[in-house]
Amino acid sequence: MNLNWNYIYESLPLYGEAMWLTVKLAFWAILFSLIVGLVASILQHYQVKGVQTVITAYIELSRNTPLLVQLFFLYYGLPKIGIYMSEMSCAIVGLTFLGGSYMAEAFRSGIEAVPRGQIESGLSIGLSRLQLARHVVMPQAFAISIPSLGANAIFLLKETSVVGAISLMDLTNLTRDLIGMFYRTEESLLLLVAAYLVLILPLSFLLSWLERKVRYAEFGD
Amino acid sequence: MQSLGIEVLFQGSNFMRLLGGLLVTIEIAFTSIFIGTALGLLMGLLRTLKSWPLRFILRFYLEAFRIIPILVWLYVAYFIFTPMLRVDIGGELTAVLVFSLWGAAEMGDIVRGALESLPKHQLESGKALGLKAGQIYRYILIPQAVRRMLPGTINLATRMIKTTSLVVLIGVIEVVKVGQQIIELGVIKAPNASIWVYGFIFILFFLVCYPLSRLSRKFERRWQS
């Protein structure tokens, strides 16, 4: 393979821009997914009537359909009934719709994993349900959920690669464009793979470090 | 009264064409699941062996798929391997190739996890009875590991079916592409087609994946207790 380094050097700013877009998208998607997931898992845990069915339906719909189709529906379908969103909002809404259910499942399994004895001890010293959630259940549930929350964050970051389908200039879409314009296939793809490595490897190391840190908070062991 | 536009799904052969597109999606997904599972079983067995170079290489192979998005691998295969080999294997085969390799990596991890989760005395009792390594795997470890693998394997299958929707981006004519064709054809006559067509495709994917998720959860619950 004979790489044209000059071409690589000249494309760097474009890849930088695309990476920034990916980071922005992933940031908002992860943040909103965490919020949606937290709210959904709490509502589900306290078995709020009526809401529960809605949440279960949401989780099943979101987990059993591909992001690409969700995005097409949001971007090309919804304007037909008068709901217009920019590409960026569509992507963030789509990613949140997808990520929210994954985060909810992660929180739920964290909440379920808090030992029964913890809750009973809390009740026996006279904590209210709110205090119990705030001081006993949630901190532990959060620590237990960290690994799966982290895995979901990386999953969402990777899923942003699909947003090119609704004409956002992310890394994959840029690469496709550049290949079409300059036929520098090897160089463009090398930059693409390198860009994802630069984004995801540090995140993955950060998460495993964080995972070790919060383990200290766990009860027992 | 203004028409809703849902008729577009049933005009001409549109309905059957969409189902035909879904069939292509399912074909790609299931071929890849089949090949990926077969390769993954082997890979999982290899990953339990105590050879560190082998472990390192297979771990590296898995992480490569975990870190780089599948769409990127599709592009790499589509834009590099095919021209390099100088044969046009087309988008469909490219997709099967990439998904099979990815499936093998993930399946390998599921198999390894299942084998390593078995209590150590199972292996030791087998040895004490004088069974050979092959017999231990054949009669003791694999039958027990299969139960533990099942929920993960079905989950992987639904993930692969969902990911198959990406093949439209490398030019395969499957359900999403057929949907786009129907929408483009009806730009004037059925301007609202896109919401119905994409809504319908959304439901189609759900109908394929939901039963599998249910099945996986059922197995998970049954074997947990």
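The bend at a residue is the angle between two fitted helix axes, one for the seven residues ending there and one for the seven starting there. Keep that in mind as we walk through this predicted model, beginning with chain B.

Chain B is built from 8 helices and 0 strands, so its elements read α-α-α-α-α-α-α-α from the N terminus on. Its radius of gyration is 22 Å, well over the 17 Å that the globule rule gives for 225 residues, so chain B is more spread out than a compact globule. The C-alpha trace of chain B spans about 80 × 45 × 25 Å along its principal axes. Buried residues account for 39% of the chain's 225 residues. Of the contacts in chain B between residues at least 6 apart in sequence, 80% join residues at least 24 apart.

Now for the bend. Helix 6 of chain B covers residues 133-163, which is 31 residues. A straight helix would reach 45 Å at 1.5 Å a residue, yet the end C-alpha atoms here are only 38 Å apart. Within helix 6 of chain B, a kink of about 45° lies at B:Leu141, shortly before the proline B:Pro143.

Over in chain A, two loop residues deserve a look. A:Ser167 sits between helix 6 (129-159) and helix 7 (171-182), and has a positive phi of about 55° although it is not a glycine. A:Ser167 is exposed, with 10 other C-beta atoms within 10 Å. A:Tyr183, in the loop between helix 7 and helix 8 (185-215) of chain A, has a positive phi of about 60° and is not a glycine either. A:Tyr183 counts as exposed because it has 10 C-beta neighbours inside 10 Å, where 12 or fewer is the cut-off.

Methods: Residues numbered from 1 in each chain as written. Chains lettered and ligands numbered in written order. Predicted model: local features only at pLDDT ≥ 70, side-chain atom pairs only at ≥ 80, totals over all residues. Helix = DSSP H or I, 4+ residues; strand = E, 2+ residues; numbered from the N terminus. Rg over C-alpha atoms; globule rule 2.2 N^0.38 Å. Buried ≥ 20, exposed ≤ 12 C-beta atoms within 10 Å, placed from the backbone. Contact = placed C-beta atoms within 7 Å. Expected span 1.5 Å × (residues − 1).
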